[in-house]
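Me: I'd like a close look at one part of this protein, please: a helix and the partners it packs against. Could you also walk me through the empty spaces around that region?

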Amino acid sequence: MCTFLILGEDRRIASLTGVDTIALIRSAWMTLFLGERQGGSTIAMQLVRTITGRYQRTVWRKVTEILLAIRLTQSFDRLDIARIYLWCAYYGWNMHGFEQACEKLKMCPRTASSIDSAMRVARLKYPQPRSGNTAQLRRICQRARHLLAFESTCMNSSPTPGISNHGSISNS
């Protein structure tokens, strides 16, 4: 799941200090000049937002998030940051955190297939709706297919530098 998260949300994670300046500039440009909202947050910034519970759209919140994400990245391994984010993220209706998502979606993390893992990570971008919203469920499936295709492409090239595998998320 960490691989899918990094591929989908933060491909330059190994070279960043908690902030992706290129993504922030692109996001600001899209918002200011094209009127389209587009994400520019790294996994560390998303983790800060999730932990603090601050979601208001203000410059001050974004600056605070950036500073805390830099500090977080200085203090913790990037893969651990991704794991922690997966552990506490919002996956959709009545799924606050990894355990609730696994329980609600009836997915065992130890035996999950690649498609199950990609589907779970896709819900971070497109949260599971309360009821059978077919458009949202289609977006989840499309995102999962995108992550699987991207993983297949990336696995044929070199792995993400600076990221090592330390195991899986546990209750400890």
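Reply: Happy to. Contact here means heavy atoms within 4.5 Å. Keep in mind as you look that this is a predicted model.

Let's take helix H7, residues 114–125, and begin with its packing against helix H1, residues 2–9. On the H1 side, the residues in contact are Phe4, Leu5 and Glu9. They meet Ser114, Ser117, Ala118, Val121, Leu124 and Lys125 of H7. Sorted by class, this contact of H1 with H7 holds five nonpolar, two polar and two charged residues.

Now for the geometry. Two packed helices are described by the angle between their axes and the distance between the axes. For H1 and H7, the angle is about 45° and the axes are 9 Å apart. Angles from 65 to 115 degrees count as roughly perpendicular and those under 35 as roughly parallel, so H1 and H7 are oblique to each other. Their crossing is right-handed.

H7 also packs against helix H8, residues 134–155, at an angle of about 120° and with the axes 8 Å apart. That angle makes H7 oblique to H8, and the crossing of H7 and H8 is right-handed. From H7, the contact takes in Ser114, Ile115, Ala118, Met119, Val121, Ala122, Arg123 and Lys125. From H8 come Ile140, Cys141, Arg143, Ala144, Leu147 and Leu148. By class, the contact of H7 with H8 has 10 nonpolar residues, one polar and three charged.

If you compare the lists, Ser114, Ala118, Val121 and Lys125 of H7 appear in the contact with H1 and again in the contact with H8.

On to the empty spaces. Rolling a probe the size of a water molecule over the atoms shows where empty space is left. The largest pocket has a volume of about 1500 Å³. H7 and H1 each supply at least two residues of its lining, as do helix H2 (21–34), helix H3 (43–52) and helix H4 (59–75). H2 gives the most, with seven residues. In total, 37 residues line the largest pocket, and Gln38, Gly39, Gly40, Ser41 and Arg49 lie nearest its centre. By class, the lining has 13 nonpolar, 11 polar and 13 charged residues.

There is an enclosed space to look at too. A search of the whole structure finds one cavity of 30 Å³ or more, and the largest cavity holds about 80 Å³ of space. Its lining is made up of Asp10, Ile13, Leu16, Gly18, Thr42, Ile43, Ala44, Thr73, Arg78 and Ile81. These divide into five nonpolar, three polar and two charged residues. H3 and helix H5 (78–88) each supply at least two of them. H3 thus gives at least two residues to the lining of the largest cavity and at least two to that of the largest pocket.

Conventions. Residues numbered from 1 in each chain as written. Predicted model: local features only at pLDDT ≥ 70, side-chain atom pairs only at ≥ 80, totals over all residues. Heavy atoms only, no water. Axes fitted to C-alpha atoms, helices over the stretch in contact; angles between N-to-C directions. Helix = DSSP H or I, 4+ residues; strand = E, 2+ residues; numbered from the N terminus. Parallel < 35°, antiparallel > 145°, perpendicular 65-115°, else oblique. Left-handed = near helix turned anticlockwise from the far one by under 90°. Nonpolar A, V, L, I, M, F, W, Y, C, P; charged D, E, K, R; others polar. 1 Å grid on protein atoms, 1.4 Å probe; cavity = no way out; pocket = protein on both sides within 12 Å on 5 of 7 lines; lining within 4 Å. Points joined across faces, edges and corners; volume = space filled by probe spheres on them.
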